[in-house]
Amino acid sequence: MRARLREPRRFKHGALTVLHDPLPGPLTAIALVVRAGSCFDGAHPGIAHMTEHMLFQGTRRLDQATLNRRAAELGGEHDADTGYEDVTLHFEVFNQDVEEALALLAEQCFRSTVPVDRFANEQRVVIDEIRGRQEDPANYVHEHAWARFFGDGLGHPVCGTVSSVRRMTRQAVRSFIARHFVPANMCLALVGGVARDTIRRALAHTFPRGARGARLRPPRPRPRASGLLRLRRTDLAQAYLVRLIAAPPTPREVLALSLAVEIVGADPDARLFQEIRERLGLGYDLSAGVEHGRDWAVAVLSASAARDEERRLRETIDRTCREAAAGFSPAELRRARKKVRYRFARLADSRLERALAHAGRAACDQPSLASTERMIARLRPAEVEAAWRRALIAPTLTAVLRG
């Protein structure tokens with residue numbers, strides 16, 4: 001595999017880690033990743049996600065409307081996302097607007113006030129979001145499986161629950177921001193045409209330089225339950241299945257398992273797709289992948305079928321997964337590697353996706369994109385097959401939702 005991705009230039013601005021990946025052109029993508037995802041929620045499930053909402057609701061200098069108008073004036077994509085590991089803010093702007101874009105991100109992270117009226121409004125918005133997710137059967141079974149598998153910490157939904165959001169207070173959000181939104185807990189990545197001297201000048205004017213705060217680490221998540229979890233909803237004509245398989249979190253192990261899942265999984269050439277969709281005609285929705293963080297990893301398989309075909313669906317997945325332990329053909333491995341090459345090629349062409357990946361990996365102490373690309377190229381077939389065999393004996397939870 002010929003690497004197209006290069007190592008970004010890394011430097012420090014006080015306690016803040018900065019990654020600069022120069023790419024000719026008129027635009028620069030900015031990603032600011034804060035190690036403050038839902039695994040840091042503690043006694044307030046959903047507070048990281050609520051914090052993400054409140055970063056857009058007003059600061060010491062800008063009210064909600066002014067803040068969002070200012071972002072629109074800069075003309076870029078200005079948004080945020082919360083995951084299990086981190087909260088990410090991103091912005092893509094013209095090179096000449098990078099300094100003002102960084103100023104706006106700093107205003108959000110270090111000067112948010114969590115206004116009383118806006119907090120009450122966003123509580124209602126988030127509760128509506130949670131209810132919408134609960135009505136989606138596929139999301140419903142996934143959240144219940146995740147909660148049973150991981151228990152506390154990683155187990156609750158990123159958005160929290162209706163009751164936890166109702167109990168949340170404005171002061172709790174302000175305390176969460178003060179504790180986690182500090183330079184030592186952040187990684188900033190910029191990909192595009194902006195010059196390094198411009199970045200340094202912009203940071204000097206916008207981001208605090210002192211080593212305020214420290215990196216925090218949540219408890220290490222471990223699988224708590226395995227076996228079969230049955231869920232019921234009377235309004236369903238379909239059965240929905242999610243299987244979670246614990247995996248070693250080391251980068252090479254995660255990559256080897258990811259290649260194995262490409263072969264076993266949900267693409268039209270993969271084994272589960274061919275068996276469930278093409279040979280048996282059991283169901284339409286099928287997905288497979290590996291999710292991971294700093295010190296956890298899990299393979300996720302999901303599928304659906306007619307309500308009365310639930311047992312047949314489960315047995316088909318069991319059999320197909322077991323049969324894969326016999327090994328993978330050279331053609332299967334070749335196709336899996338090419339799919340990964342394709343994804344890296346797309347990543348190399350996207351400023352924003354590159355910035356997000358650079359910052360996210362650095363924040364979670366993961367190998368860089370270029371290192372990961374090289375690692376995948378060097379994986380031996382025996383490592384990929386061994387990773388799948390380990391998955392077959394790892395703690396596993398299968399959750400089934402049916403009417």
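## The open sheet

In this predicted model, five strands form an open sheet with mixed pairing. Their order across the sheet is E7-E11-E8-E10-E9. Strand E7 (227-232) and E9 stand at the edges, and each has a single partner strand, so one side of each is left without a neighbour in the sheet. From one strand to the next, the twist averages 15°.

One pairing within the sheet joins strand E8 (residues 238-246) to strand E11 (residues 396-402). The two run in the antiparallel sense and are linked over six bridges. Arg243 stands opposite Thr398, a residue of E11.

## The nonpolar cores

In soluble globular proteins, nonpolar side chains tend to be buried together. The largest nonpolar core of this model has 75 residues. Ile30 and Phe181 are the residues with the most contacts inside that core. Helix H3 (residues 98-111) supplies the largest share of the core, eight residues.

A second core, separate from the largest one, holds 47 residues. Leu5, Ile263, Ala305 and Trp388 are among them.

## The largest pocket

The largest pocket has a volume of about 1,400 Å³. It is lined by 43 residues, and the closest to its centre are Val290, Glu291, His292, Ala357 and Arg361. By class, the lining divides into 22 nonpolar, 12 polar and nine charged residues.

Both strands and helices contribute to this lining. The strands that each supply at least two residues are E4 (77-82), E5 (87-94) and E9 (286-292). The helices that do so are H9 (251-264), H12 (330-348), H13 (351-363) and H14 (369-378). Helix H9 gives the most, with seven residues. Strand E9, which supplies part of the lining, is also an edge strand of the open sheet.

## The second largest pocket

The second largest pocket holds about 290 Å³ of space. Its lining consists of 15 residues. Those nearest its centre are Arg133, Asn139, Glu143, Val158 and Cys159. The lining has five nonpolar, five polar and five charged residues.

Helix H1 (47-54), strand E4, helix H4 (116-135) and helix H5 (137-150) each give at least two residues to the lining of this pocket. The most come from H5, with four residues. Strand E4 also supplies at least two residues of the lining of the largest pocket.

## The cavity

How many cavities of 30 Å³ or more does the structure hold? There is one, and about 40 Å³ of space lies in it. The residues that line this cavity are Glu262, Ile263, Asp269, Ala270, Glu332, Arg335, Ala336 and Lys339. Ile263 also belongs to the second nonpolar core.

Helices H9 and H12 are the elements that give two or more residues to the cavity lining. H12 gives the most, with four residues. Both helices also supply at least two residues each to the lining of the largest pocket. By class, the cavity lining has three nonpolar, no polar and five charged residues.

Key. Residues are numbered from 1 along each chain as its sequence is written. This is a predicted model: local features need pLDDT of at least 70, side-chain atom pairs count only at pLDDT 80 or more; totals for chains, interfaces and linings use all residues. Side-chain values use heavy atoms; hydrogens and water are left out. A nonpolar core is a set of buried Ala, Val, Leu, Ile, Met, Phe, Trp, Tyr and Cys residues joined through side-chain atoms within 4.5 Å. Buried means under 20% relative accessible area, exposed over 50%, partly exposed in between (1.4 Å probe, protein chains only). On a 1 Å grid over the protein atoms alone, a cavity is a set of points where a 1.4 Å probe fits but cannot get out, and a pocket is an open set with protein on both sides within 12 Å along at least five of seven lines; lining residues have an atom within 4 Å of a point. Grid points are joined across faces, edges and corners, and a volume is the space filled by probe spheres set on the points. Ala, Val, Leu, Ile, Met, Phe, Trp, Tyr, Cys and Pro count as nonpolar, Asp, Glu, Lys and Arg as charged, and the others, Gly among them, as polar. Two strands pair if DSSP finds at least two bridges between them. Axes are lines fitted to C-alpha atoms, for helices over the stretch in contact, and angles run from 0 to 180 degrees between N-to-C directions.
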